[in-house]
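Here is an informal walk through one residue and then one whole chain. Have the structure open as you read.

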Amino acid sequence: MSLEEITSAVIAGQPEKVKELTQKALDEKIDPDSIINDAFIAGMNVVGKRFKEGEMYVPEVLMAAKAMSAGMELVKPLVTGQSIPSKGTIVIGTVKGDLHDIGKNLVAMMLEGSGFEVINLGVDVAPERFVAVAKEKNAQIIGMSALLTTTMLCMKDTIEVLKEEGLRDKIKVIVGGAPVSRDFAEEIGADGFAPDAGSAADLCEEILS
Amino acid sequence: MELAMGIDTGGTYTDGVIMDLSTGRVVKKSKSPTTHQDLTIGIRNCLAGLDGGFWKEIQLVCLSTTLATNATVEGKGSRVGLICLGHEVSESLPVAATYCLPGGHDIRGNAREPLDVEKLRDALKRLEGKVDALAVSGYCSVRNPEHELAVKDEAERMLEVPVVCGHQLTSDLGFQERTATAVLNARLLPVISQLLDSVQQVLRELGVTAPLMVVKGDGSLVDESRARQRPIDTVVSGPAASVVGATFLSGEKDALVVDIGGTTTDIASLREGVPEIHRDGAVIGGWSTKVQAARVHTFGIGGDSLVQVKRGEVQIGPRRVLPLSRAVADHPYLMEELKETWESGEKGMDIIDAQPFDCYLLGRYTPGERLTSWEREVVGCLAAGPHSILHISRSLGRDPNLLNLKGMINRGILLPASLTPTDLLHVRGTFTRWNREVAFLVAEMAALRLQMKREEFVDFVLEEVHRKIASAILQGLVRDLGYQQVDLAGETVLKPFLERILGREEEKFLCRVYLEQPVVAIGAPAREFMPAVTRLLNTRLCIPEHAEVANAIGAAVGRVVIKGVILVRPAAEGGYVAYTPWERKGFICLEDAADYAQRVGREYLVREAAEAGARDISISVQRKDVYSHISYPIEEEIFVESRISLLAVGRPWPRQGEMR
Ligand code: B12
């Protein structure tokens with residue numbers, strides 16, 4: 001079987017079908033890593049792009065994400081079971097005052113899929129909370145998502161809390177969300193920016209290498 | 001005539017200078033040893049050397065002192081109590097007692113929890129009589145100082161001791177460093193006051209009635225009364241004073257200052273008359289602080305760097321040794337020992353970690369320090385005076401490879417004397433203060449190991465020294481640009497370019513750099529080394545006169561500089577907030593907030609500059625609105641913040657007839 005079938009099923013948002021195909025792929029001894037990267041993440045990348053271009057709408061995106069999670073449930077134990085050493089710990093969340101979590105959850109999934117340990121703090125996360133959890137879990141990266149122009153500036157707050165606590169050199173900060181630009185990321189002093197979930201994983205690997 | 005006196009109590013010497021500021025002329029200069037037990041003795045001696053009947057005409061006295069630094073390093077100072085609000089210190093600080101109480105703010109300056117007045121009074125009661133000063137530090141206090149100020153109020157009433165708040169010493173984020181700054185400042189209060197009292201006493205005795213000012217870590221001056229409140233500002237002022245002094249002597253406003261000493265080469269930069277400041281605060285006595293200090297890059301290359309010939313290659317530094325020409329000047333019999341080495345045929349032998357012509361002197365030995373029986377033998381051998389390595393080996397009956405002196409060298413019990421660039425200058429004849437004969441002999445021996453002629457060897461090594469200094473300067477500039485991790489000499493991709501920049505290679509292509517700034521060089525070997533270095537870097541060189549008292553001159557010609565910043569940011573609830581060094585204030589519209597910030601910023605500068613002792617103040621208040629670009633859902637600019645930069649520069653000069 002080809003991984004493209006799984007990819008299409010992810011894009012089409014068919015959890016049952018994805019589950020079935022994934023199991024088949026696993027039975028055929030296809031490398032779980034490859035299933036994650038070449039099927040799931042490839043599918044979500046397409047979803048992300050189509051959504052941006054207005055070819056897909058929110059419910060469809062959610063279904064696609066659900067479909068991917070369904071497949072991921074089968075693959076993840078195999079990947080973590082192999083005890084692939086975690087590439088690093090990332091604390092991720094949507095900033096204070098912001099409830100949009102679809103994109104952020106996609107990013108979290110992608111990061112998990114590519115071997116990071118992800119601690120997802122959910123939505124409406126205060127700057128102090130990001131820092132406290134990162135400190136407690138010895139995370140290397142804090143990832144923040146914001147979808148509203150009014151909440152974007154909260155990202156800067158988190159970076160400043162890191163400074164106040166003397167942790168700015170130790171913990172890297174990456175940011176994203178539809179309105180966030182590279183320019184903005186630089187202005188607030190973040191270490192990285194990614195426009196979509198696929199490149200977010202690359203970004204984290206680059207930062208930690 | 002506008003006479004100003006500059007005094008610098010440095011680590012080794014106390015320098016003094018009287019300058020005529022109307023002409024920039026050095027009228028008198030003097031140097032005497034620093035007396036660490038009591039700095040005023042050294043200052044008194046130094047001033048004696050400045051006597052020229054000018055005392056009554058002196059209009060300003062400026063002091064740069066290592067006292068605050070030394071006191072911090074040595075753990076001297078008063079007993080300090082520390083009150084932290086809403087956060088604990090992560091590294092222990094030199095305090096008598098710490099209380100961590102509820103309070104503090106979030107990053108936007110909203111109180112995280114109310115101040116607990118009952119608990120505060122309780123803590124203060126327990127501190128009563130046990131401390132001479134109190135330091136107060138609140139979480140995010142630079143975004144809202146109300147809690148620190150409330151504690152200060154209460155503490156001053158209850159304890160009647162000076163109270164130092166973190167937000168008054170810096171507006172930077174960083175709780176730990178801010179707290180350390182407040183604590184160290186509190187500890188230093190009596191230390192600096194004592195010094196200033198006795199300096200004023202000495203001045204009065206001489207009949208000097210001019211105001212006294214003190215140099216800060218950034219090279220600017222503050223009035224003596226201000227320095228008494230903020231002694232921490234006067235820490236690490238030496239490097240900045242030296243940069244200001246050196247560039248003043250050279251007449252440059254923008255320059256790279258290169259100070260070549262025996263052990264190290266120090267590189268700093270002056271922009272528009274002000275030394276460039278280290279981005280992070282200074283580390284003092286092991287504590288990271290928020291103290292502003294000149295950014296100085298230090299490299300292990302100097303006149304007394306060890307020159308080693310090993311396996312056909314020459315290595316210079318970073319270790320410092322005593323130049324053999326100097327050792328022989330002090331102990332002429334060493335020449336005989338080395339001649340023996342030369343004649344014995346052992347001159348070419350390879351010794352681990354040493355060269356056949358090395359000599360050793362006894363260094364400092366602290367009684368009580370334990371020595372092995374072998375180490376005692378070595379010390380005994382050198383008790384009557386230094387000897388060459390082969391002499392030691394023969395009289396102790398051990399092979400030179402098995403002498404095992406490294407540990408004793410590291411502990412400072414033995415001081416090695418060996419071949420240095422200073423010796424090579426003796427061969428060349430451009431610097432001949434000490435013994436030339438030994439320089440010839442040793443250069444000959446070292447040259448032999450490379451199968452070179454002596455003169456050829458000298459030229460080769462000195463050229464390497466020039467390259468090393470040039471490369472250190474480039475490395476310093478690269479770090480200034482923010483590339484902290486880049487090691488130029490270690491980057492293989494840069495090698496073909498660096499080799500050509502430094503003139504080691506010319507094959508296929510040439511590569512040159514052109515420094516933006518001219519170089520002002522000070523230090524004993526500057527005249528010998530720097531012309532070749534600046535040729536490599538294609539820039540102008542200035543080696544000023546009187547450079548040996550550059551620090552004192554830097555003090556005398558310093559200016560009063562006050563800096564600050566006010567931020568105006570959108571508030572989460574809507575509206576805008578202005579964060580000033582003394583309060584957090586809300587506004588409905590941006591223009592009102594920015595206007596307010598500019599107005600109070602100007603008032604702040606005028607007030608601070610006057611208190612610091614400035615005249616002829618020029619003030620700049622600049623507003624910069626920062627926007628950032630977003631592309632979704634529509635292309636637009638979003639407002640990030642308004643930065644109001646505050647800068648006041650003044651002359652520390654009393655107007656005619658306004659002398660105190
Ligand atoms: C779905 C949605 C909602 C849902 C959210 C449901 C949920 N659980 O998330 C609901 C209905 C609750 C909602 C509410 C509101 N919304 Co809404 N919402 C949207 C909508 C339609 C889609 C957002 C989305 O999920 N995108 C899909 C994901 C996949 O894309 P993404 O988030 O950009 O994420 C990708 C990248 O940005 C990146 N990324 C994201 N996060 C991160 C993090 C890191 C670290 C990295 C590296 C990368 C990264 O990777 C992701 C995957 O590729 C957008 C419009 C639109 N077309 O975008 C409006 C939109 C974001 N909402 C908007 C508004 C105004 C609101 C409300 C204020 C409406 C109201 N008046 O009540 C409220 C606010 C509620 C609140 N406090 O947050 C505006 C924002 C305008 C602005 N610029 O400020 C938008 C743009 C609509 C519009 N055109 O006006 N909304």
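R504(B) sits in the loop between α16 (495–501) and β23 (519–522) of chain B; helices (H or I, at least four residues) and strands (E, at least two) are DSSP runs, numbered from the N terminus. This is a predicted model, where local features need pLDDT of at least 70, side-chain atom pairs count only at pLDDT 80 or more, and totals for chains, interfaces and linings use all residues. Residues are numbered from 1 along each chain as its sequence is written, and side-chain values use heavy atoms, with hydrogens and water left out.

Is R504(B) buried or exposed? With a relative accessibility of 36%, R504(B) counts as partly exposed (buried is under 20% relative accessible area, exposed over 50%, partly exposed in between, with a 1.4 Å probe and protein chains only). Leaving aside residues up to four places away in sequence, R504(B) touches E464(B), R467(B) and E499(B), a contact being heavy atoms within 4.5 Å.

Two distances for R504(B):

| Partner | What is compared | Distance |
|---|---|---|
| E464(B) | side chains of R504(B) and E464(B), polar contact | 3.0 Å |
| V257(B) | C-alpha atoms of R504(B) and V257(B), 247 residues apart along the chain | 25 Å |

A polar contact is a pair of N or O atoms within 3.5 Å; within protein, one must be able to donate a hydrogen and the other to accept it, and residues adjacent in sequence count only if both atoms are side-chain atoms.

Now for chain A. Chain A has 9 helices and 5 strands, running α-α-α-α-β-α-β-α-β-α-β-α-β-α from the N terminus. Its C-alpha trace spans about 55 × 40 × 25 Å along the principal axes. Of the 209 residues in chain A, 51% are buried.

Methods:
Chains are lettered from A and ligands numbered from 1 in the order in which they are written.
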